[in-house]
Amino acid sequence: MRLLGYADRLSVPAGGRIEFKVSSELPEFTPSLVRLRRGGSPVHECDLLEDDVAAELPASVPGRVQVARAGSYVEAAVREDVTVHGAGLAAWIFPTLLDGEQTVLALTAPDGSAGYRLAVTSDAVVLRDASGTELSRLAVAPVLRQWSFLAATLSPTGEARMELHRPGRTTPMVQESHIHEPAGQESGFPEPREAGAWRGGLLRIGAGGRGAPTGFFNGKLARPIVSAAGWSAEATARLAAGEAAVDVLGATGVSALALGREPAAATVADDGALTTGGTVVNRPASAVPGPFWRCTETDFRRVPGEYDALHLHEDDLDDAGWDTDVALTVPADLPSGAYALKVRTGEHVDRIPFVVTPPAGARPAPVLVVLPTWTYLAYANWRTYAEFEEERVGLYGERRGVDPRDRWLARHPELGKSLYDVHTDGSGVMYSSRARPIVNIRPDYYTPTTRGLRHFAQDLSLLHWLDARGEDYAVITDDEIEDRGADALSGHRVVITGSHPEYSSARMLDAYESFTAHGGRLMYLGGNGFYHVTNRHAGPSGAIEIRRARGSTTAWASAAGEEHLSGTGEPGGLWRWRGRAPQRAFGVGMTAQGFDKASGYRRTAQSRAVDWVFDGVDAAVGEVFGDEGPGLGGAAGDEIDRADVALGTPADAVVLATSVGHSSSIVLVADDRTISYAAPVAPDPRVRADIVVFGRPGGGAVFAVGSIAWSTAMTHKGGDNDVSRITANVLDRFREHPEPVEGA
């Protein structure tokens, strides 16, 4: 990966501007614009197809290496009218990984020549000066995953006092010392004269250093207090008891940054007067309880004073912050679709994908495809494939290897993680942003679990299928629906989803429901859709957020009191547990997953009511279709959805077909395994994919296939297959016949 980049957005309207940031170890690279027609590569069962597109781009661009810097912290500029002549440093900490020396608080002079840094290790609390010289050490460590209060005070005459208040102890552990100036060496501690003090400077919480941050703290941190002068032992005791810093110390020369007050904000107010407020870097977890949480409320909006912490991680990344190398004004007449900036130097190539959406005021195309970019972000830079490569055979059957980019990614933790990963301290990753290189959102990316295509590369197959039929269609992303709501879908006759629209907000669900309630026709051509409650944060990184509640099939579970989204305050977890199971709006919802061979569907007797769906299909009632195809080898596989009236499937929905023949590797989701003493049923009748169609008041209609593998199976034999024919029949009927869907 000597050539790698990302765009400042995932979609742009025709005529709009998009910027690309590229890191190149090569002297120069050539940019070009391509339209992506189909995903694939030599290791897939199909080739990548792309068309060159004329665009105003430079013939070559100088290469330069750009570096992402992971690690979250808060920093604030010290007021220039404040003189530091001694110091006080204190905070509540909940360490989650005591590995190496980690900075809790750092106060540094403007030129970096003086300052203090309070840090913790696995066996001590350490106070250092700006040069790294140890000023004092308390030979006891905070308890892992428990709250402790640390305080270090220094007087202008060199007296230092360090305290550690640990749970279960009535008295603190204390270290008192006098800092002596080593012979022949100037101490970083200012002498008790005006010339030895400094004005202004920088305060960092959770990291040290003045330039690139160092020594990141892993854990929760609350109520940081920094003072331009020391304070008394009595004041420390009052702070440890929970009194507000400004009530104990006053505001002058004191910083009391309110870390949890506005969980969605990228800035932090200072209740004191040492700084004008701080900036949150790399989006640490917010809306997490602090040391004085009483466990009576789990919604931070009800008890904001008890949610006064941030959870910092050394591997948090919100915005890589790379500079722009190529800026493109998209031609105003460019058709909507999937595109990429292709950057190349010899054999080294990267394709940075983006969607061109219709310009404002454009005539709505009859067909609209919504690419599930929030799901792409949820899986962005998922590290499981490379990190557990040796276990692939045991987990997913035959070994097909991993994409080489995954192995490269495993060596580059600075590029951030997916919502399926955990941080180095074991806590779940709650945020994922687009402002970084994402190696698995590429048209030629190989997914081991599905033996080839998944997510973006798979959804390109749907676009290729539409192109082959000569369809007049446009493409948008989840972001357009989040931005515009139902207006983003209005005017189109048929809306088609991608293969795995798992992550969605309430605004997105409302938009789909409004579309079908007002005569729109929806084709949900995927599986495990509309499953996780998701929020997008404001700001250039476009970060999405989830909380993984218990009682679901999940990669990790949110800690106690942390199940509400920091961006909106709403409960996270599954839409099912919020009363909005996917069956309500889409007819089917997540029921099972597994990556064994996919199955086919058996046509039901009910399907006679809508015979037109099966025009040209050989399968009669009771017969199986869709049991062939690339990848997993069938149309019903990967993650599958079932119809269930108890979860909201409309009573008049027609179940056209139900999958058959799933192996024991296709497992029922935990959402349905709620009674621990119930005897297991084998095979469980709920492990199935259902195809449904139903009408909506006002002439709207929904068709859902209940499987991620469906659109891959559509490509079998170049589209000459029953899965493709069924999809085409429904699309033609939905597009051309405005009257209510017959029999549904």
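**Exercise 1. Which residues of helix 7 are buried, and what follows for the helix as a whole?**

Solution. Step 1: in this predicted model, the buried residues of helix 7 are H455, F456, A457, Q458, D459, L460, S461, L462, L463, W465 and L466. Step 2: a residue counts as buried when its relative accessible area is under 20%. Step 3: because 11 of the 15 residues of helix 7 are buried, this helix is largely enclosed by the rest of the structure.

**Exercise 2. Work out what span helix 7 should have, and check it against the distance between its end C-alpha atoms.**

Solution. Step 1: helix 7 covers residues 455–469, which is 15 residues. Step 2: the expected span is 1.5 Å times one less than the number of residues, and for helix 7 this gives 21 Å. Step 3: the end C-alpha atoms of helix 7 are 22 Å apart, which agrees with the expected span. Just after this helix comes G470, which takes a positive phi of about 75°.

**Exercise 3. Describe how helix 7 and helix 12 cross, and name the residues that make the contact.**

Solution. Step 1: the axes of helix 7 and helix 12 come within 12 Å, and they cross at roughly 65°. Step 2: angles of 65 to 115 degrees count as roughly perpendicular, so helix 7 is roughly perpendicular to helix 12. Step 3: the crossing of the two helices is right-handed. Step 4: helix 7 contributes W465, L466 and R469 to the contact, while helix 12 contributes S724, T727, A728, L731, D732 and R735. Step 5: sorted by character, the residues of this contact comprise 4 nonpolar, 2 polar and 3 charged.

**Exercise 4. Are R283 and N381 buried or exposed, and where does each residue lie?**

Solution. Step 1: most residues other than glycine have a negative phi. Step 2: R283 has a positive phi near 45°, and N381, which is not a glycine either, has a positive phi of about 60°. Step 3: R283 lies in the loop between strand 20 (278–281) and strand 21 (285–288), whereas N381 lies in the loop between helix 3 (373–378) and helix 4 (384–387). Step 4: R283 is buried because its relative accessible area of 18% is under 20%, and N381, with a relative accessible area of 0%, is buried as well.

**Exercise 5. Is P740 buried or exposed, and in which segment is it found?**

Solution. Step 1: P740 is found in the segment after helix 12 (722–736). Step 2: exposed means a relative accessible area over 50%, and P740, with 61%, is therefore exposed. Step 3: P740 and S599 are 141 residues apart along the chain, and their C-alpha atoms are separated by 32 Å.

How values were computed: Residues are numbered from 1 along each chain as its sequence is written. This is a predicted model: local features need pLDDT of at least 70, side-chain atom pairs count only at pLDDT 80 or more; totals for chains, interfaces and linings use all residues. Side-chain values use heavy atoms; hydrogens and water are left out. Helices (H or I, at least four residues) and strands (E, at least two) are DSSP runs, numbered from the N terminus. Buried means under 20% relative accessible area, exposed over 50%, partly exposed in between (1.4 Å probe, protein chains only). Axes are lines fitted to C-alpha atoms, for helices over the stretch in contact, and angles run from 0 to 180 degrees between N-to-C directions. Angles under 35 degrees count as roughly parallel, over 145 as roughly antiparallel, 65 to 115 as roughly perpendicular and the rest as oblique. A crossing is left-handed if the near helix is turned anticlockwise from the far one by less than a right angle, and right-handed if clockwise. Contact means heavy atoms within 4.5 Å. Ala, Val, Leu, Ile, Met, Phe, Trp, Tyr, Cys and Pro count as nonpolar, Asp, Glu, Lys and Arg as charged, and the others, Gly among them, as polar.
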